[in-house]
Amino acid sequence: MMRADNIAIRTSGLTRYFGHKAALRGLTLDIPRGQVTALVGHNGAGKTTLIRMLLGLLPPTRGRSELLGHDSQSLTPEVRTRVGYLAEGHFLWGWMRVRDTARLQRETFPRWDQPLFDAMLKFFGVTPDARVRQISRGQRAGVSLAMTLATDPELLILDDPSMGLDPVARRALVEGLLAFARRDDRTILICTHLLDDVERLADRIAIISNGQLLVDAGLAEFRERVGGWTIDADFGAQQAAQIPGLVDSRQLRERTHLVVADPDQETVAAIQRISGTARREELTLKDAVLAYLRPSAMVGSISAALENVR
Amino acid sequence: MFEIQVTPGGNRPIYRQIIDQVRNSVATLELSVGDSLPSVRQLAEELVLNHNTVAKAYAELVREGVLESRHGRGVFVAKRRQVFSSGERKRRMDQALDVFLSEILTLGYSPEQIEEAVAKRLAKMTANQNKAEVE
Amino acid sequence: MKTIVWKEIREHARWIPLGVIPIVIVLVLHWRASFLIFDDTKMLQWMVGLVASGIAICLGMLQSWPDQRPAARALLLHRGITANTVFWGKLLSGFLLYAVAVFVPLLAMAAFIAFVGIEHRPADPAAILPSALISVAAFSCWLASMLVVQRDAWMVGSRLMPGLAAGMAIFLCQGVMNYAVGMSIAIALTILVALTVIARSVC
């Protein structure tokens with residue numbers, strides 16, 4: 001079977017149970033090379049579990065995944081050196097000196113770039129001689145990022161890299177990532193719930209909720225294909241069933257706000273029938289994403305919407 | 001000084017914000033024909049954005065004829081010329097009018113007040129253009 | 001692997017004094033308790049064996065438990081080496097740390113007996129030897145505690161099994177020692193090797 005060279009990460013029916021609880025269900029997702037893909041979802045939606053399985057640190061209950069064409073559960077050291085991984089929490093051993101973290105990487109990553117590491121430390125304002133337990137959270141994130149980027153990976157996987165960071169550190173992180181993404185053929189997969197950062201960074205967006213993939217599309221495409229309406233009429237399950245592609249409805253004071261995927265003339269007509277004074281409104285990215293993340297009673301409609309926004 | 005500012009988290013996608021601001025600057029003559037704009041890379045770095053976003057905005061502006069790309073030398077403000085068919089022009093105007101009017105009408109002005117405000121604004125913009133052409 | 005060894009030693013060297021002190025106490029107490037002749041009594045062997053096992057178990061836990069956390073584990077495993085190399089690095093560093101904590105005091109004791117002690121009572125530095133051998137066997141407890149921490153076993157029994165194996169190794173060693181020193185060394189080494197092989201395949 002011909003494998004397309006332009007897919008950095010492939011997953012197929014990836015499922016993981018913890019006891020009786022499913023953290024991920026039948027996830028099938030392709031992450032293309034050379035682009036920044038943002039993975040969005042609640043804490044506990046399965047993002048970290050997915051990342052761990054992709055990196056072969058956790059076996060799946062069912063299904064399989066590939067990194068750079070290699071099966072995740074049998075990654076060779078050579079493949080690992082081509083993948084950078086920043087786990088959530090920016091863990092580092094507290095007793096180490098910052099410059100020693102380079103020592104940790106230098107031995108086993110053949111393309112280690114010491115000047116880049118030093119430059120990034122400077123960028124984040126970290127003295128190489130400081131011990132990890134002495135520096136701030138934001139500085140530690142900078143060290144983690146420096147450790148990862150200086151290994152010159154083709155594929156960079158970040159799990160919630162901005163967690164616990166102040167706005168200045170966050171901005172520095174985004175700048176560092178954009179500088180990396182600018183280079184030839186670099187792929188980034190970033191798990192985050194900071195949608196402003198997603199808007200700056202991402203070419204593509206994937207939304208996971210309750211262990212299931214709801215959206216996998218280009219970011220601009222996603223925003224264009226999801227529309228919002230405000231109506232003043234009563235809105236319940238009966239009305240919901242009449243609107244194809246309805247993703248979510250939310251009551252705010254006397255109005256109902258609807259989010260619909262791929263609205264066409266039929267959809268607009270259906271909405272007009274329910275309420276003649278319905279107004280189309282431009283959605284912020286947050287509104288569009290939250291519509292998919294909110295647990296909604298209209299499960300049937302969401303499935304229809306799924307098909308449209310893939 | 002021509003400067004672009006983008007705000008993530010708003011109603012308009014960022015690339016649209018860039019397009020709007022460039023178009024606006026050209027219309028109000030903050031930018032003149034022949035002025036160069038920062039390269040995709042420069043603007044992306046300055047605004048802390050994915051360069052594909054900036055590239056998309058520039059590509060659209062080139063497609064609309066607002067900007068032109070001179071190979072190897074960057075992106076410049078193009079001479080105003082018609083790139084759209086009359087049908088496409090009408091469609092774009094109607095679309096812009098719908099957006100504009102729906103925003104304005106919620107403010108509660110009367111149609112006469114709106115027409116007056118539009119006429120005033122239009123006169124000011126054309127006056128600036130004429131002034132520039134004389135210079 | 002060098003980096004792993006360096007990391008482990010730097011991280012855990014601080015605990016060596018905590019291991020040295022009990023051994024020294026045991027040796028000093030035994031020295032004081034023997035009026036007539038300092039001999040390799042069963043008591044000494046058992047005590048040293050016990051303390052050494054304790055040190056081995058604690059060291060094994062220290063080197064395995066904290067690095068089981070997902071973030072630490074990811075940092076350790078996601079690099080250009082195999083998981084086996086990580087294990088060997090930990091094993092080597094573990095043994096080095098253990099050796100400093102256990103064998104250095106024993107050696108010091110032997111030196112003490114040879115140069116100072118014989119003036120006080122009849123004693124032979126070689127009296128330390130059986131305790132040293134027991135300590136070699138006791139290192140199997142390091143492997144056992146590693147295994148116990150790392151196994152994903154869902155039955156308490158099978159999780160403790162390596163611990164039992166290590167305990168038996170030491171017990172066997174003690175028993176056989178009375179008959180043949182050579183035999184005990186062979187058994188200790190065999191069990192050590194077996195546990196290493198098992199541990200390696202599991203990690």
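Two residues count as in contact here if their C-beta atoms, placed from the backbone, lie within 7 Å. With that cut-off, 19 residues from chain A meet 17 residues from chain C. On the chain A side of that contact, α2 (77–80) and α3 (98–106) of chain A each supply at least two residues; helices (H or I, at least four residues) and strands (E, at least two) are DSSP runs, numbered from the N terminus. The largest share of that side, 3 residues, comes from α2(A).

Some ground rules before going on. This is a predicted model, where local features need pLDDT of at least 70 and side-chain atom pairs count only at pLDDT 80 or more, while totals for chains, interfaces and linings use all residues. Residues are numbered from 1 along each chain as its sequence is written, and chains are lettered from A and ligands numbered from 1 in the order in which they are written.

**The two faces of chain A**

Chain A also touches chain B, with 20 residues of chain A in contact with 14 residues of chain B. Here α6 (167–182), α7, α8 (219–225) and α11 (285–293) of chain A are the elements giving two or more residues to the chain A side, and α6(A) has the largest share with 6 residues. The table sorts each side by class: Ala, Val, Leu, Ile, Met, Phe, Trp, Tyr, Cys and Pro count as nonpolar, Asp, Glu, Lys and Arg as charged, and the others, Gly among them, as polar.

| Side | Nonpolar | Polar | Charged |
|---|---|---|---|
| Chain A side touching chain B | 9 residues | 1 residue | 10 residues |
| Chain A side touching chain C | 11 residues | 3 residues | 5 residues |
| Domain 1 side touching domain 2, chain A | 4 residues | 3 residues | 1 residue |

**Inside chain A**

Chain A has 12 helices and 14 strands. An automatic or database domain assignment sets the domain bounds, and chain A is divided into domain 1 (7–210) and domain 2 (226–308). Taken over C-alpha atoms, the centres of these two domains are separated by 35 Å. Their contact takes 8 residues from domain 1 of chain A and 5 residues from domain 2 of chain A. On the domain 1 side, α7 (195–201) and β9 (204–209) of chain A give two or more residues, and α7(A) gives the most, with 3 residues.

How does the overall shape come out? The C-alpha trace of chain A spans about 70 × 45 × 40 Å along its principal axes. Its radius of gyration is 22 Å, which agrees with the value near 19 Å for a compact globule of 310 residues; that radius is taken over C-alpha atoms, and the globule rule is 2.2 Å times the number of residues to the power 0.38. Among contacts in chain A between residues at least 6 apart in sequence, 72% join residues at least 24 apart.

Of the 310 residues in chain A, 48% are buried. A residue is called buried if 20 or more other C-beta atoms lie within 10 Å of its own, exposed if 12 or fewer, and partly exposed in between, with C-beta atoms placed from the backbone. A nonpolar core is then a set of buried Ala, Val, Leu, Ile, Met, Phe, Trp, Tyr and Cys residues joined through C-beta atoms within 7 Å. The largest such core has 89 residues, and those with the most contacts inside it include Ala38(A), Val198(A) and Ile205(A). Domain 1 (7–210) and domain 2 (226–308) of chain A both give residues to this core, so it lies between them. Val198(A) touches Ala38(A), Val40(A), Thr192(A), Ile205(A) and Leu285(A), not counting residues up to four places away in sequence.

At the other end of the burial scale, Asn6(A) is exposed, with 12 other C-beta atoms within 10 Å. Asn6(A) sits in the segment before β1 (7–18) of chain A and touches Pro32(A) and Arg33(A), again leaving out residues up to four places away in sequence.

**Confidence**

pLDDT is the predictor's confidence in each residue, from 0 to 100. Chain A has a mean of 88, with 94% of its residues at 70 or more. The stretch to watch is residues 297–308 of chain A, where the pLDDT is below 50, though the model has 17 contacts for it beyond near neighbours in sequence. Chain C averages 80, and 78% of the residues score at least 70. For the complex, the predictor gives an ipTM of 0.83 and a pTM of 0.83.
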